[in-house]
Amino acid sequence: YAATEQRHGSQDQLRAVTDDGGQVTENVLRVSLLGPLLVATPDRDLLHSDFGGRHPRELLARLALARNTPVSKGVLAEQLWPANAPKSTTATLESYISVLRKRLFADGDKARRVLSTSGGGYRLATDELFLDLDRFDELIRNASDARSLERNLELRLEAVALHRGDLLEDLVDSPWAESDRRVYRDRVVMNLLVVAESQLMSSG
């Protein structure tokens with residue numbers, strides 16, 4: 001039905017982030033986790049090859065999923081290398097962080113602020129970028145508070161458009177994402193059910 005048709009081609013959702021007033025704000029890093037990992041700077045979409053391998057991309061996804069919370073180097077090492085860890089995981093993580101900062105930001109000071117060293121680990125300040133999970137959750141909250149069926153449906157359809165597939169579906173062999181994957185699978189399905197019901201009510 002109409003809701004599911006809006007799931008695809010949602011790269012445009014990464015092109016802008018709305019501020020508290022609902023206005024579009026450009027020139028921010030955009031990270032999308034609902035589907036394969038997508039990363040876009042204000043200038044271009046980043047390809048797998050821009051990260052120099054799987055593990056830097058996986059590190060970025062792990063930090064994005066932490067939503068502003070620092071993740072220790074020990075936890076990151078265990079999750080990125082459940083087996084066959086490099087000789088020095090700390091040095092390797094530091095090199096990956098350096099790669100990410102250079103690829104994601106043109107400004108070095110901003111890179112160190114948004115992707116910071118914190119508490120013996122690293123933190124991605126997701127409040128300084130567009131993260132589709134944050135926008136999805138915000139849309140669902142606002143839809144629940146909407147005073148009209150039309151506004152509720154409008155917000156929920158925008159949330160549907162953010163969904164390109166299972167959370168980090170290109171990293172399915174990363175067990176650290178599985179609990180969040182289940183959470184968002186349930187939230188997406190529930191939203192689709194509400195949208196379908198609302199569309200039936202409005203058409204009837």
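**View A. Strands S6 and S7 pair through four bridges in this predicted model.**
Strand S6 covers residues 115-118, and S6 and S7 run antiparallel. The two strands form a hairpin with two residues between them. Gly119 sits in the turn and has a positive phi of about 55°. Ser118 stands opposite Gly121 in S7.

**View B. Strand S7 also pairs with S5.**
S7 spans residues 121-124. Its pairing with S5 is antiparallel, over two bridges. Here Ser72 stands opposite Gly121 in S7. Gly121 thus appears in two views: it faces Ser118 and it faces Ser72.

**View C. Three strands form an open sheet in the order S4-S3-S8.**
The pairing in this sheet is mixed. Strand S4 (38-40) and strand S8 (130-131) are the edge strands, and each pairs on one side only. Strand S3 holds residues 30-32. Three bridges join S3 to S4, and these two strands run antiparallel. Ser32 of the pairing stands opposite Leu38 in S4.

**View D. Thr41 is a buried residue in the loop between S4 and H2.**
Thr41 has 7% relative accessibility, under the 20% cut-off, so it counts as buried. Which residues is Thr41 in contact with, leaving aside its neighbours within four places in sequence? They are Val28, Leu29, Arg30, Leu46, Arg103 and Leu104. One of these contacts, Arg30, belongs to strand S3, residues 30-32.

**View E. Helix H2 is largely enclosed by the rest of the structure.**
H2 runs over residues 54-65. Of its 12 residues, 10 are buried, which is why the helix counts as largely enclosed. The buried set includes the charged-type residues Arg57, Glu58 and Arg62. Also buried are Pro56, Leu59, Leu60, Ala61, Leu63, Ala64 and Leu65. At 1.5 Å a residue, H2 should span 16 Å. Its end C-alpha atoms are 16 Å apart, which agrees. Arg67 follows H2 and has a positive phi, near 55°.

**View F. Asp137 and Arg67 form a salt bridge between distant parts of the chain.**
The closest N and O atoms of the pair are 2.9 Å apart. Asp137 lies in helix H6 (residues 132-145). Arg67 lies in the loop between H2 and strand S5 (71-72). The two residues are 70 residues apart. Is each partner buried or exposed? Asp137 has 12% relative accessibility and so counts as buried. Arg67, at 23%, counts as partly exposed. A search of the whole structure finds 16 salt bridges.

**View G. Asp109 and Arg112 form a salt bridge within helix H5.**
The closest N and O atoms are 2.7 Å apart. H5 covers residues 108-114. The partners lie three residues apart, about one turn of the helix. Residues three or four places apart point the same way because an α-helix has 3.6 residues a turn. Asp109 is exposed, with a relative accessible area of 53%. Arg112 is partly exposed, at 48%.

**View H. Helix H7 carries a salt bridge between Arg151 and Glu154.**
The closest N and O atoms of this pair are 3.1 Å apart. Arg151 and Glu154 are three residues apart, about one turn of the helix. Arg151 has 38% relative accessibility and counts as partly exposed. Glu154, at 46%, also counts as partly exposed. Elsewhere, salt bridges that share partners join Arg67, Asp134, Asp137 and Arg187 into one network.

**View I. Helix H7 has the end-to-end span expected for its 14 residues.**
H7 runs over residues 149-162. At 1.5 Å a residue, H7 should span 20 Å. The end C-alpha atoms are 20 Å apart, which agrees. Which residues of H7 are buried? They are Asn152, Leu153, Leu155, Arg156, Leu157, Ala159, Val160, Ala161 and Leu162.

**View J. Val189, Met190 and Leu193 form a nonpolar patch on the surface.**
Together the three residues have about 300 Å² of accessible area. Val189 is found in helix H8, residues 178-203. With 44% relative accessibility, Val189 counts as partly exposed.

Definitions and conventions. Residues are numbered from 1 along each chain as its sequence is written. This is a predicted model: local features need pLDDT of at least 70, side-chain atom pairs count only at pLDDT 80 or more; totals for chains, interfaces and linings use all residues. Side-chain values use heavy atoms; hydrogens and water are left out. Two strands pair if DSSP finds at least two bridges between them. The expected span of a helix is 1.5 Å times one less than its number of residues. Buried means under 20% relative accessible area, exposed over 50%, partly exposed in between (1.4 Å probe, protein chains only). A salt bridge is a side-chain nitrogen of Lys or Arg within 4 Å of a carboxyl oxygen of Asp or Glu. Patches are made of residues with over 30% relative accessible area and no salt bridge: like charges are joined within 9 Å, nonpolar side chains (Val, Leu, Ile, Met, Phe, Trp, Tyr) within 5 Å. Accessible areas come from the Shrake-Rupley method with a 1.4 Å probe; for residues, only the protein chains shown count as cover. Contact means heavy atoms within 4.5 Å.
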